[in-house]
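Got your viewer open? Please load the model and get ready to click along.

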Amino acid sequence: MDLKNQKRMAAEILKCGENRVWIDPDKIEDVAECITRADVRTAIASGVIKAKPKSGTSYGRIRYAKGQKAKGKRKGPGSRKGTDNARVPDKRRWISTIRPIREELKQLRADGKITPSAYRLYYRRAKGGVYKNRRNLRMHMINAGHLKEEEN
């Protein structure tokens with residue numbers, strides 16, 4: 001049964017696209033008899049013809065991507081736009097390196113494990129970028145004999 005005309009009229013009356021017009025499958029014969037706009041309006045009023053709801057944007061894929069990013073995925077070279085320095089500035093990288101080292105030095109001096117002169121020596125070297133991290137600093141101190149190995 002061809003309901004093209006009825007669908008077109010219903011779409012204009014409902015102010016939606018033809019794809020959104022729903023016709024009750026059980027009442028197709030009744031809709032086929034609707035010839036005028038008034039007939040179509042009556043069918044709409046009785047609920048035989050309805051407009052389907054607009055379909056929204058699915059956020060499923062976005063939620064999945066967010067979950068992956070939370071795990072640290074999707075950050076490979078193909079996803080990067082800026083330079084390394086734009087993503088994590090040199091200053092921020094330096095701060096995250098030097099703060100734990102200086103913290104460690106202060107703690108060792110406070111505990112009396114190193115002398116103030118040794119503290120000053122290692123502080124200056126840390127400022128010069130000699131040590132990569134706390135462990136590296138401690139290894140240098142142990143090798144130089146400023147720190148006992150069992151304290152590590």
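Here is a tour that starts at one helix and works outward. Keep in mind that this is a predicted model.

**Stop 1: helix α7**

Select residues 116-127, which make up helix α7. This helix has twelve residues and reaches 16 Å from its first C-alpha to its last, close to the 16 Å expected at 1.5 Å a residue. Now show side chains for Ala118, Tyr119, Tyr122, Tyr123 and Ala126, the buried residues of α7. Turn the view until you look down the axis of α7: the buried residues fall within an arc of 135 degrees, so they line one face of the helix. Flip to the other side of α7 and you'll find Ser117 and Arg124, which are exposed.

What do the buried residues of α7 pack against? Add residues 90-110 (α6) and 134-144 (α8) to your selection, since those two helices are the packing partners. Before moving on, click Gly129, just after α7: here phi is positive, at about 85 degrees.

**Stop 2: the core**

Next, select Leu105, Ile114, Tyr122, Leu137 and Met141. The largest nonpolar core has 15 residues, and these five touch the most other members. The elements that give two or more residues to this core are α6, α7 and α8, and the largest share, five residues, comes from α7. In soluble globular proteins, nonpolar side chains tend to be buried together.

Zoom in on Leu137. Leaving aside residues up to four places away in sequence, Leu137 touches Ile101, Glu104, Leu105, Tyr122 and Tyr131. There is also a second, separate core of 13 residues; to find it, pick Ala10, Cys34, Val40 and Ala43, which are among its members.

**Stop 3: the tyrosine rings**

How many aromatic pairs does a search of the whole structure find? The search finds two.

- Select Tyr119 and Tyr123 for one tilted pair, 5.7 Å centre to centre with 45 degrees between the planes. Both lie in helix α7, four residues apart, or about one turn of the helix. Tyr119 and Tyr123 are both buried, too.
- Select Tyr122 and Tyr131 for another tilted pair, 6.0 Å centre to centre with 40 degrees between the planes. Tyr122 has 0% relative accessibility, so it counts as buried. Tyr131 has 3%, so it counts as buried as well.

Now bring in some arginines. Arg109 lies over the face of Tyr119, at 3.9 Å from the ring centre. Arg125 lies over the face of Tyr122, at 5.5 Å from the ring centre.

**Stop 4: out in the loops**

Jump to Lys73, in the loop between α4 (60-70) and α5 (84-87). Draw a distance from the C-alpha of Lys73 to that of Tyr123: the two are 37 Å apart in space and 50 residues apart in sequence. Is Lys73 buried or partly exposed? Its relative accessibility is 44%, so Lys73 counts as partly exposed.

Click Arg74, which is found in the loop between α4 and α5 as well. Its phi is near 60 degrees, a positive value in a residue other than glycine. Arg74 is partly exposed, with a relative accessible area of 47%.

For the last click, go to Lys15, in the loop between α1 (4-14) and β1 (21-23). Lys15 has a positive phi of about 55 degrees although it is not a glycine. With 75% relative accessibility, Lys15 counts as exposed.

How values were computed. Residues numbered from 1 in each chain as written. Predicted model: local features only at pLDDT ≥ 70, side-chain atom pairs only at ≥ 80, totals over all residues. Heavy atoms only, no water. Expected span 1.5 Å × (residues − 1). Buried < 20%, exposed > 50% of the residue type's maximum accessible area, 1.4 Å probe, protein only. Arc of directions from axis to C-beta. Contact = heavy atoms within 4.5 Å. Core = buried A, V, L, I, M, F, W, Y, C linked by side-chain atoms within 4.5 Å. Phe/Tyr/Trp six-rings, centres within 6.5 Å; stacked < 30°, edge-to-face > 60°. Lys NZ or Arg CZ within 6 Å of the ring centre and 35° of its normal.
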